[in-house]
There are 4 protein chains.
Amino acid sequence: MDDECFRLMGTLIEPRYVQQACDARRSHTQKFRTLLANRQLPETGWDALTLRLFLTDVAAMDSNLFVGNVGMGEREGRVFSDLVRERHYGFAHGIGRSGDIGAVQPKAAGSSLVSVLAKILALVSIHLLCSKRLSLTLVLSALRGERPGATKVIFCRIDQKSCVKSILTAGFEPLVIDGVLQGDQVCTNMEEVSNTVLREGAHTVLCVLSCSSCFAPRAPDDVVAIARFCRKNNVPHVINNAYGVQSRRMMHEIDVASTTGRVDITVQSTDKNFMVPVGGAILASAHRELVQRVLETYPGRASGSPSLDLLMTLLQLGQNGWRSLLDERERTFAQLHARLVHFAERVGERVLESPRNDISIALSLSTFETRHADVCELGSQLFRRLVSGARVVPRTEKQAAISGVRFDGGFGAHHPAYPSSFLTVASAVGHTDADMDSFFNKIEKVFATSGSKDSVAENTGRLDIE
Amino acid sequence: MDDECFRLMGTLIEPRYVQQACDARRSHTQKFRTLLANRQLPETGWDALTLRLFLTDVAAMDSNLFVGNVGMGEREGRVFSDLVRERHYGFAHGIGRSGDIGAVQPKAAGSSLVSVLAKILALVSIHLLCSKRLSLTLVLSALRGERPGATKVIFCRIDQKSCVKSILTAGFEPLVIDGVLQGDQVCTNMEEVSNTVLREGAHTVLCVLSCSSCFAPRAPDDVVAIARFCRKNNVPHVINNAYGVQSRRMMHEIDVASTTGRVDITVQSTDKNFMVPVGGAILASAHRELVQRVLETYPGRASGSPSLDLLMTLLQLGQNGWRSLLDERERTFAQLHARLVHFAERVGERVLESPRNDISIALSLSTFETRHADVCELGSQLFRRLVSGARVVPRTEKQAAISGVRFDGGFGAHHPAYPSSFLTVASAVGHTDADMDSFFNKIEKVFATSGSKDSVAENTGRLDIE
Amino acid sequence: MDDECFRLMGTLIEPRYVQQACDARRSHTQKFRTLLANRQLPETGWDALTLRLFLTDVAAMDSNLFVGNVGMGEREGRVFSDLVRERHYGFAHGIGRSGDIGAVQPKAAGSSLVSVLAKILALVSIHLLCSKRLSLTLVLSALRGERPGATKVIFCRIDQKSCVKSILTAGFEPLVIDGVLQGDQVCTNMEEVSNTVLREGAHTVLCVLSCSSCFAPRAPDDVVAIARFCRKNNVPHVINNAYGVQSRRMMHEIDVASTTGRVDITVQSTDKNFMVPVGGAILASAHRELVQRVLETYPGRASGSPSLDLLMTLLQLGQNGWRSLLDERERTFAQLHARLVHFAERVGERVLESPRNDISIALSLSTFETRHADVCELGSQLFRRLVSGARVVPRTEKQAAISGVRFDGGFGAHHPAYPSSFLTVASAVGHTDADMDSFFNKIEKVFATSGSKDSVAENTGRLDIE
Amino acid sequence: MDDECFRLMGTLIEPRYVQQACDARRSHTQKFRTLLANRQLPETGWDALTLRLFLTDVAAMDSNLFVGNVGMGEREGRVFSDLVRERHYGFAHGIGRSGDIGAVQPKAAGSSLVSVLAKILALVSIHLLCSKRLSLTLVLSALRGERPGATKVIFCRIDQKSCVKSILTAGFEPLVIDGVLQGDQVCTNMEEVSNTVLREGAHTVLCVLSCSSCFAPRAPDDVVAIARFCRKNNVPHVINNAYGVQSRRMMHEIDVASTTGRVDITVQSTDKNFMVPVGGAILASAHRELVQRVLETYPGRASGSPSLDLLMTLLQLGQNGWRSLLDERERTFAQLHARLVHFAERVGERVLESPRNDISIALSLSTFETRHADVCELGSQLFRRLVSGARVVPRTEKQAAISGVRFDGGFGAHHPAYPSSFLTVASAVGHTDADMDSFFNKIEKVFATSGSKDSVAENTGRLDIE
């Protein structure tokens with residue numbers, strides 16, 4: 001619609017109503033201008049219709065939607081299914097060009113704009129200088145260029161298969177540094193990190209890979225200490241900040257690490273932090289050249305879906321919405337902690353203190369364990385009662401190996417010999433009070449039926465598996 | 001999006017790609033301009049995305065979607081459900097103003113535009129001078145004003161409850177004129193129409209209500225003869241043209257009636273002619289004042305849904321699409337007739353000749369009837385086999401009454417004593433060859449299992465009700 | 001999906017995960033069962049996905065979506081446009097049968113179910129015995145049957161064109177009974193109603209048509225007194241309860257009128273009460289036969305869109321949501337009143353007291369009027385500033401006529417000689433505090449720039465039309 | 001909906017209509033069963049509503065959509081934006097588990113089913129034994145395990161950055177084997193492949209990476225000869241079959257290569273072959289263990305979007321639709337070739353014969369080149385006229401380097417010294433006759449305005465840039 005369209009409408013319906021509609025339309029356009037000029041999350045989130053208006057307009061900028069476009073190549077954004085085309089708002093070209101995923105795709109100015117805006121807005125959200133979705137493997141590959149001959153990655157142990165594998169896939173050897181216990185908490189073994197780097201020779205080390213978001217009782221790594229060590233020893237430092245964007249404390253700590261030490265790049269998931277479907281990652285780095293190298297490492301185009309989901313979500317959130325999400329998460333975390341302490345007392349267990357971890361909390365299963373051969377059954381029972389995401393880690397000292405990499409002690413506890421079994425739960429963005437009520441309701445029943453010394457069963461009477 | 005938006009985008013992604021997108025966008029805008037300036041169905045139908053772009057823009061012209069709009073009345077287009085809002089593209093105000101459904105609604109320039117465009121485009125489709133969706137009752141009420149004292153409606157009998165009731169609801173008395181047989185065909189009894197008007201006195205007659213689309217063996221009324229009679233005797237003439245828009249022959253006949261005689265207004269359904277969900281009607285009339293009076297008769301606003309459905313469909317059809325639909329319908333009708341003749345021969349029945357009816361065809365059930373007490377069972381069997389819309393009319397001479405109005409002979413045959421039972425089927429827009437294949441497949445089985453003298457059953461072996 | 005499907009899935013992915021999904025699915029099914037068995041609004045509203053699951057399943061019950069269905073009639077629910085089909089979830093058949101809009105449409109069990117459920121759930125919401133969407137005209141037509149010879153409708157004056165026209169369209173003569181002033185409030189002139197009925201003869205009167213929701217300073221009619229009078233004099237009583245469902249006070253008064261007097265039927269809009277797009281009406285009546293007669297009066301099928309919108313909205317609201325809407329409305333109304341009183345004081349006007357009207361409030365424009373020839377300009381200014389729904393009614397004693405029916409005094413004030421000009425605003429369901437803030441912000445500017453004695457302009461400095 | 005729901009509906013609307021709906025529903029269920037039992041593309045594609053019914057049901061199998069599910073982890077499929085949730089049909093969990101993208105995700109049986117079905121159906125489409133979406137990098141990484149010490153990849157030169165980079169990212173060294181000219185065609189230099197492997201030592205070679213779909217005048221590699229060589233020398237063979245699935249000839253050749261030689265795995269894009277948005281890849285391999293190793297190499301979960309798009313498209317296509325797409329492509333390719341030959345004659349150029357390439361065709365720019373310093377301008381002009389995907393490759397012998405890997409001769413010609421500049425166009429699935437008409441229309445104008453000796457300009461008169 002342009003002014004001529006509006007003029008013509010005025011010949012069909014009363015011009016003064018058209019005029020008002022035309023004026024009102026400017027308000028929408030003004031929102032678009034403000035976004036494009038300020039390059040910041042709008043203070044207040046956009047409503048669904050403004051968003052749809054925007055996306056429809058932007059999608060029409062991709063060549064596959066041009067009136068009169070003639071595709072003479074092998075990949076022209078043709079989409080067979082109307083349903084598929086529609087769910088993507090007509091976007092089909094993905095992002096990036098062969099050889100640089102950060103480049104604007106000439107056939108797809110609209111897709112490229114979505115990607116650029118998602119990047120810019122996510123960046124505002126996380127208060128860092130540059131960001132880009134991409135995976136850990138690519139980061140490690142990109143570092144290869146500036147560390148010829150380096151073959152090892154110092155891996156602050158976190159018991160999750162994907163980290164180890166991303167190191168192996170990039171063709172490097174992980175040197176696993178077990179954590180150390182400080183009270184209940186599994187903390188960074190800074191001494192061992194230091195010894196290992198010095199022993200192996202800094203030049204053989206591609207980077208230290210630390211982790212700033214993890215399941216309690218593991219604490220987020222001491223990224224400030226690691227960063228200072230890395231700066232001093234001239235070793236790159238990559239932080240796996242999976243779902244740490246939602247923790248103001250962790251984002252502050254990364255800021256401090258970046259300014260007082262060395263942080264080359266941080267990698268975070270979009271789904272866990274921004275409540276979008278699985279599939280995207282954000283890279284944040286103050287080092288432009290490094291980011292550029294990572295982008296150039298990505299071979300070919302990528303799906304535009306994660307950018308689109310992220311942009312849509314951020315525009316609907318706005319700064320206020322994002323702040324509320326974080327406030328709310330802090331509130332529910334505090335409450336989860338308080339209720340878990342209370343529950344632990346009643347059932348003869350205790351909350352394993354991991355004060356540095358402000359997303360996840362672990363509950364000991366010591367007395368539970370003494371009565372039950374298999375604590376894993378607890379996890380199954382919770383799963384069957386529709387509790388997802390709660391993890392039970394049994395105490396064990398037997399070794400595990402992930403693709404040939406050895407882990408001392410039971411895989412899951414991030415430590416060679418964690419002294420007790422435990423259950424870990426988290427309070428992440430989007431977690432509600434109703435979730436929590438329901439969780440405690442269910443875990444009480446499970447503990448009761450499992451014959452714990454607690455008297456819950458007697459109080460609640462017959463306990464059906466619902 | 002305006003030029004400033006595009007300029008700003010050029011600071012985010014490469015200006016020359018933005019420029020091309022901006023140029024390409026003009027092609028969409030050009031389509032919109034052409035529609036608004038020419039006020040004709042586009043030659044080629046629009047694709048789904050162009051349509052969506054258009055509707056999203058037009059919906060944003062309604063005040064409920066204005067940024068900063070403040071609703072201080074009792075009806076401000078607020079919609080609770082996101083799903084409901086979305087399925088209406090944000091349109092919520094309906095059409096019309098209190099007291100005139102044809103007026104532009106000041107709060108809703110977008111809704112009004114949809115309504116005006118649907119009206120204009122449908123008009124192009126049906127080649128008449130003015131049109132408006134509205135029901136028969138309103139038309140009759142609107143005629144009241146120009147015929148004070150007239151209390152009777154000459155009703156060319158069509159055995160459908162809704163016609164009788166629309167007369168009664170408007171507060172008039174229907175005088176039922178039975179059809180006469182010409183061969184198999186039930187035709188307009190012009191003599192009786194004439195006699196009745198003269199006997200009752202033309203001034204007591206509100207109008208003659210004829211019907212130009214009906215189930216065979218009734219023929220469409222001879223609207224030309226009626227129109228000439230009405231002009232001569234100064235009696236209004238209303239044509240119930242329910243699904244006749246899809247018949248070029250009937251539209252031509254109405255044209256002739258309009259120019260050589262008197263046709264005050266024709267009323268047609270949107271769903272049957274234009275393949276949209278049930279709910280809309282189109283009024284077409286060369287008499288501006290009459291149409292205006294009908295519009296003013298409609299008390300209050302109406303749903304905007306039928307206009308929206310019609311506009312969307314017409315824009316997606318385009319003139320080419322509409323022409324193809326009509327061509328295709330003529331082809332399938334001819335084929336249905338041929339196959340039915342063939343089938344009739346095999347089962348010892350015959351097609352009842354109704355050459356003036358080019359949408360619907362009747363098959364006699366004479367021999368079938370002699371073997372089966374209840375021909376209605378045939379209808380049930382077809383229904384159970386998922387054949388919808390086929391009607392079985394048993395021969396009978398007993399009277400029926402609709403809301404106190406007497407109909408001689410069995411209701412359904414449009415005649416006091418139709419000589420045989422029959423089955424009626426139609427070939428309307430959207431009917432496919434696959435439909436027809438499947439229909440003949442099923443009716444063969446039904447006839448066979450019903451023990452007709454035909455040997456179909458022996459040929460096809462065991463006949464399961466699928 | 002049936003059990004066999006789930007079993008087969010278990011051969012593709014791990015059976016125990018399928019089992020859990022299958023169990024979880026029962027929770028959705030349980031919601032559907034509960035709805036169908038209890039026939040009540042769910043306590044808590046359904047989320048969008050449950051609703052979509054339900055609608056997709058129900059739509060598949062219409063014959064046009066049957067696999068293998070063969071349409072052999074002229075109206076088989078064929079839909080040309082994918083976009084249109086989709087926005088109706090595949091529903092295309094509308095509701096009702098030729099001759100009875102309340103009947104189940106054999107081709108469309110799904111559409112019929114939507115309609116029946118919408119009716120039942122809306123009924124629960126409004127605590128009455130029976131309900132059906134339909135218009136006032138049909139009600140009056142339906143009453144004709146039981147009042148042969150009655151030609152007049154006693155019309156408690158409300159200055160809205162649609163009411164008068166619905167009487168005229170049904171073929172009756174309205175006898176307008178002006179309201180009387182009680183303080184600022186325009187109230188029912190019970191004496192004149194009574195005198196008129198007795199003077200004309202009760203048998204000549206089709207019904208008394210009262211109105212229970214209107215713009216201040218008119219009060220809702222005293223439906224209890226009218227109902228008692230009607231019971232005593234054996235005259236039907238129809239209540240136009242347009243947007244009164246949202247007022248608990250008015251619904252209670254109608255309950256009292258129904259039990260202590262005569263209320264044949266009440267008619268209400270769906271859009272104003274339930275926040276759906278314009279297009280539906282609900283009839284509520286304790287008289288089954290009357291309702292049935294109205295349904296049979298409706299000639300033919302109707303659009304299924306209003307039922308669908310209403311059902312979707314009610315299911316998403318749930319009882320809790322509905323209650324919240326009502327609570328919230330009462331709160332915002334109280335606040336609107338308080339702020340308007342405060343504003344009136346500052347600008348030398350006053351709130352016209354209409355204590356019986358708890359939706360709409362009027363502000364005098366007396367001092368404003370003395371300074372401005374044309375108070376209507378105030379309405380225009382508000383409209384231009386994007387305030388919709390605020391009505392300015394100038395003081396005047398000149399007559400008006402709607403389709404030949406005379407109204408003494410300026411049309412709009414519901415009274416032959418209302419002593420002052422006024423502005424009316426409403427606080428209806430969905431009205432927000434932000435709306436109100438914005439309204440007062442804008443009206444202050446308008447009053448200030450219009451040169452009222454108030455000093456707002458001096459305080460706010462330059463006043464741009466935004 | 002289960003039987004109890006249908007029974008309850010029978011208490012609300014007529015049981016026999018419900019019964020019919022219930023029966024009809026079985027037809028849909030039957031389609032689902034057939035799919036799950038046969039594990040083949042349905043013969044005829046599904047309509048949009050059947051597909052939606054299926055996806056809505058399957059999405060409800062993911063735990064995030066369970067009624068009563070309690071998420072206590074950091075990633076529970078919570079989605080903030082309604083619009084985002086809806087466009088993914090509620091799917092949010094992505095596919096795979098930490099450590100194995102091929103594993104069923106316990107929280108997401110529905111997402112897993114989509115992924116498994118997409119895999120199975122795509123497999124049917126391409127007539128191979130196993131397939132999985134994943135990238136080339138992961139394949140190379142996965143091969144590392146079975147070739148310890150191998151550091152080199154024999155790379156049959158194709159001038160596309162992404163191939164080179166996928167080798168580098170996986171940590172290997174590409175050995176570029178230039179093609180040889182056979183007539184106009186750039187063919188596999190089998191001798192050089194062989195010499196290089198033998199010179200370097202087969203044990204140092206990770207694999208030969210051939211390419212079976214490329215831009216003319218390069219021919220697809222002689223995968224049969226390579227496969228035989230690889231089998232004999234015990235070297236893995238990976239085929240980059242980017243958009244070759246749409247070429248029956250190429251799929252047949254790969255079949256022959258697989259049976260008579262060694263093909264470890266083939267990698268293809270979903271977007272180019274199946275007309276879905278960019279983002280997915282299909283791996284096809286007869287070696288189960290290799291595929292499993294690749295899956296385990298993928299670190300963590302992946303977006304479920306590509307699987308969903310692919311499954312939706314395949315179900316809508318059906319076997320018939322897929323066959324039609326291939327037939328149609330062959331037809332348009334033949335036509336493109338014929339018209340290009342004709343055009344070439346007129347403008348004094350010729351089609352570069354590349355008989356083995358049945359998707360892409362090259363046109364010499366020899367005479368064009370002699371008159372214009374910069375042939376690249378031709379590409380720009382086509383781009384500005386909205387021709388996308390046409391590539392202009394200027395003749396040059398200067399070297400290029402991609403991330404340090406040297407390419408002799410101009411990058412783009414796949415050959416160190418291709419004798420002429422050329423233009424390449426393709427006819428891929430979805431290409432239409434209208435596209436072709438428009439392309440020839442535009443290229444004629446461009447050649448004409450560029451001053452070619454051809455007289456097109458004189459014929460067509462003034463040539464506007466449209």
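**Chains B and C: a tour by question**

Me: Across the interface of chain B and chain C, how many salt bridges does the rule find?
Reply: This is a predicted model. A salt bridge here needs a side-chain nitrogen of Lys or Arg within 4 Å of a carboxyl oxygen of Asp or Glu. Across the interface of chain B and chain C, the count is two.

Me: Which residue of chain B forms a salt bridge with C:Arg87?
Reply: Look for a carboxyl oxygen within 4 Å of the Arg nitrogen. The closest N and O atoms are 2.8 Å apart. The partner of C:Arg87 is B:Asp309.

Me: Which helix of chain B gives the most to the side that touches chain C?
Reply: The leading helix covers residues 305–347 of chain B. It supplies eight residues to the side that touches chain C. That helix is α13.

Me: How do the residues of the side of chain B that touches chain C divide?
Reply: The classes are nonpolar, polar and charged. Nonpolar residues number 38 and polar ones 29. The charged residues number 19.

Me: What is the area buried between chain B and chain C?
Reply: On the chain B side, 86 residues are in contact with 87 residues of chain C. Carbon and sulfur atoms give 59% of the buried area. The area itself is about 6900 Å².

Me: What relation links chain B and chain C?
Reply: A turn of 180° with a shift of 0.0 Å along the axis lays chain B on chain C. The RMSD is 0.1 Å. The relation is therefore that of a two-fold axis.

Me: What share of the contact residues of chain B recur in chain C?
Reply: The same surface serves both copies. The share of chain B contact residues that recur in chain C is 100%.

Me: Which residue of chain C stands opposite B:Val387?
Reply: Strand β13 (residues 387–388) of chain B runs parallel to strand β1 (residues 70–71) of chain C. Two bridges join these strands. Opposite B:Val387, in β1(C), stands C:Val70.

Me: Which are the edge strands of the open sheet in chain C?
Reply: Four strands form this sheet, in the order β11-β12-β17-β14, with antiparallel pairing. An edge strand here pairs on one side only. The edge strands of chain C are β11 (351–352) and β14 (391–393).

Me: Which residue stands opposite C:Arg391?
Reply: β14(C) pairs with strand β17 (residues 422–426) of chain C over three bridges. The sense is antiparallel. Opposite C:Arg391, in β17(C), stands C:Thr424.

Notes
Residues numbered from 1 in each chain as written. Chains lettered and ligands numbered in written order. Predicted model: local features only at pLDDT ≥ 70, side-chain atom pairs only at ≥ 80, totals over all residues. Heavy atoms only, no water. Least-squares fit on C-alpha atoms with pLDDT ≥ 70 in both. Contact = heavy atoms within 4.5 Å. Buried area = accessible area lost by both parts, 1.4 Å probe. Nonpolar A, V, L, I, M, F, W, Y, C, P; charged D, E, K, R; others polar. Pairing = 2+ DSSP bridges.
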